[in-house]
Structures are given as structure tokens and as C-alpha cells.
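I opened the model and kept notes as I went. Entries follow in the order of looking.

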There are 2 protein chains.
Amino acid sequence: MYSEIEKHISKYIKLSPDEWNRFTGVLIHKKLYKKQYLIQEGDPVEYEYYVVKGCLKAYHVDADGNQHIVQFAIEDWWISDFKAFFKEEKARLTIDCIEASELIGIKKSDLEQLYIEIPNLERFFRIKLTNAFVSFQDRILSALEKTSAQRYLEFISTYPNIEQRISNYHIANYLGIKPESLSRLRRQILNIKQ
Amino acid sequence: MYSEIEKHISKYIKLSPDEWNRFTGVLIHKKLYKKQYLIQEGDPVEYEYYVVKGCLKAYHVDADGNQHIVQFAIEDWWISDFKAFFKEEKARLTIDCIEASELIGIKKSDLEQLYIEIPNLERFFRIKLTNAFVSFQDRILSALEKTSAQRYLEFISTYPNIEQRISNYHIANYLGIKPESLSRLRRQILNIKQ
DNA sequence: AAGAATGATTGACCTATGTTATGAAATTCT
DNA sequence: AGAATTTCATAACATAGGTCAATCATTCTT
């Protein structure tokens, strides 16, 4: 049941069998259908989730009803409204399933207790946080200095596995442009390539 | 000499006198003139810096020679090329002084050792990292869903202390627009207000 | 299989921002 | 103080991307 997440964490730290038991003891398992919500705006956010199977998106809906996607997640990724999770605030983001998904959740309060009992686990989550921070910084720089076409090409080469599974509509929302604009860019890119 | 940084850290954690001595023992002190570089692209990044006095900017220069500002820092802020610092890579960002500045630096290798000796200190830097992560997430969302005028107003209300001290040229680079565009926006905003 | 919903593309038109150039005002330097 | 530099504003024009509307293809539902 928890073999994927153990394998994932073992890439970064080593835990004893006792520590694994303590850790897996607090995990919860969740199965969601396509389009089902994991978190809705306004919810308290007690959990962060590891994706065993499936594909999800975390987004904010603006005053005009447009979705703006902060993060996608597929197998072996973590997802939550991390701001709300860390700060213990109500969710500002909505998270739902692009595909039927299977998740493993861990509660913030359990995590804090485990940080004390298993310092290595704190290390693991600090490394993950550092990586997330770095990728956000890259994304900010990319938004500041690249054209939409460059960002699109960057996206599909950085996340080819995700690109196959989500619509251009969602990719456009992630890139901060309209689907019509993405469609035009794709045509231009094709014309240049041929 | 280190009273500001002690006060700053004490807002988040408590350390014993011995722990303070151990901590301050590894710090270095740095004074820079206006326009002087703290970090240049390509440098190894061993230190992160706490700003005692002054004002700096961290930016990337693109292929066309345009600056794109990732971060400003004034008194009581931390600055570095954090990606390079965490990943022990060469700097991709350049950091220089908008005003003459006084900094306190801490080395990554010292920090890692101190994390082991003083777990509370690891907590402090984890909290700072979490805050930085959260503010980056906010900035990404802001870039995705707000107009330039909204982002400008947001910037000057969130950082009124910084806004006073830096040129519109730099604010434009931070917002991802050209100074001419910012100038137009400022006029439009003024016209509306009057 | 038929109908409905969703996704992708395209075109005409509009708006915000970039580009280039210029001059005035403010600041810094000596 | 006077010169040099930097900052800010403005204008004319170009371009990227948004908006609105229509069409077609694909996938989902029953």
C-alpha cells in the first residue's frame, strides 16, 4: 500500500523499520474520481498529499471566474494549498482531479510531532521545500524574461509526462495566457519547425 | 555589532547565551558601497546575507541585457542567490547595492554544522524558507491574474518602505514591465484618483 | 449509435505593452 | 555651484495577446 511513498522518501533519507511503521501509521489513503475536489477554496487545509496515481491541478479562480493554475501533480509529486497548509489558514486555492486519482495524505499536526521524533523526516521535508522554492524562483524568472512561446516550449520539455495528460486549456492557464493564444503560438511554432 | 540580527532571530526562536556565541562566532561582516556587487553571475555562492543597513537587488540579466529583479532587500531582510546557495551551484543572479550597505553573512557549511548543534536554528531557517516560499507563490498568482497596474499598487502598498528608496526603473523590472509602461500606468492611476 | 459536452482552431477586431526617440527634471559628483 | 548622470514623462508607432464568435473534431454519456 505504501511502497511507492517509501521508495520516494528513501531517495533522500534512510529510516529504520520502526520509524517507517511510525510514519506509515499516521498516513491516510484517499481515492478520488475525475473532476472530484480534493480541496475547495475556504476549506481548512490540514493535509498535504503524495500522488500515488492520477493527475491533479491546484488553481485560483479570479473575480472574472478564470482559473489560474499554480501547480499540476502526477505520480510521485506532492500537492496541497501549501500556503494554507503551512500557515494554517483557509484554502485560497482549489484542487481537483484531472484524472481519477489515488493519494496518500499526511496531517500537519502529525508531521510536526514526527519532526521531533524522527529528525531525518524533517530533513526530507526541508529538502522538498527547498526544491519547491527553487522551482518557484525559476518560474518567476521565466515569467519575467521569456516570451509565451518560450515558456510553452520550456514547459513541454520540462514536463513531457504531464503535457501528454492535460489539455491545452489547462497549459494556457498555467502559462498565464488564453487558450486561443496558445493555439496560435502552437501553429506558429509548427510553421517554423516545418 | 550583532544586536540587530539577534533581535531579528529572537522573534522566532530562543537561544542560550552559549548558543548565541557559537552562532555569532561564525558570522562575517561586510560593508559595500553603492553600486558595488555582492554576488556576480558565475560566482560560487557560499553565503547568505542579513541586511543590517542599506538596500540591494538580486536580478538576472537576459540575452538582450535587460535586468529582471527577483528580489529587493532592505534592513532586516535576507538576500542571496538562494537557488545557487541551496544547490551549491554557480550564481545565476547578480546582486548589487542600490544604497551603501552593511551585511552579515553566514556560510552554508557553517550553517549545516549549526543545524546539528542547535536544532532551534534549523527551525528558524525552515520558518524563513517557508515564508519565502509562500511569498513566491503569492507573486506567481499575482503575475498570473492581475493587471500590471494592480501589481504596481499591490507592490507599493505591500512594500511602502522599499518603494520610497528605489527608482521606478527598478520597480518596473521587478513587475516585469518596461519603465515607460510603468510611467503610463502611474499617470493613469493619478488621473483616476483626481 | 445519436446527441451532448468538451477541446482545439481560426478570424476580425481591440487593448495593453514594447520600441524608439526626445526632452525636462531631479540627483549626484567634484 | 556647475557639470554629469540618472530618472521620469511623453509621443508615435509596432506587436503580442485578449475578446468575441463561429466551426470542427473528439470524447463522453445514455
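Which residue follows α8(A), and what is the sign of its phi? I found A:G176 there, with a positive phi near 85°. I took helices (H or I, at least four residues) and strands (E, at least two) as DSSP runs, numbered from the N terminus.

Conventions next. This is a predicted model, in which local features need pLDDT of at least 70, side-chain atom pairs count only at pLDDT 80 or more, and totals for chains, interfaces and linings use all residues. Residues are numbered from 1 along each chain as its sequence is written, while chains are lettered from A and ligands numbered from 1 in the order in which they are written.

I stayed on α8(A) and checked burial. A:I171, A:A172, A:N173, A:Y174 and A:L175 are buried, that is, 20 or more other C-beta atoms, placed from the backbone, lie within 10 Å of their own (12 or fewer is exposed, in between is partly exposed).

Then DNA strand C. I counted a residue as near if its C-beta atom, placed from the backbone, lies within 6 Å. 16 residues surround the strand, with A:S167, A:N168, B:S148, B:K178 and B:S181 the closest. Two or more residues each come from α8 (168-175) and α9 of chain A and from α9 of chain B. α9(A) gives the most, six residues. By class I noted four nonpolar, six polar and six charged residues. Ala, Val, Leu, Ile, Met, Phe, Trp, Tyr, Cys and Pro count as nonpolar, Asp, Glu, Lys and Arg as charged, and the others, Gly among them, as polar.

DNA strand D came next. I found 14 residues around this strand; A:S148, A:K178, A:S181, B:S167 and B:N168 come nearest. Here α9(B) gives the most, with five residues. The classes are two nonpolar, six polar and six charged.

Which residues touch the most other members of the largest nonpolar core? In this core of 37 residues they are B:Y49, B:V51 and B:I79. A core is a set of buried Ala, Val, Leu, Ile, Met, Phe, Trp, Tyr and Cys residues joined through C-beta atoms within 7 Å. β3(B) gives the most to this core, nine residues. Another core lies apart, of 36 residues, including A:V70, A:Y152, A:I162 and A:I171.

Last, B:R123. I placed this residue in helix α5 (residues 119-145) of chain B. B:R123 counts as partly exposed because it has 15 C-beta neighbours inside 10 Å.
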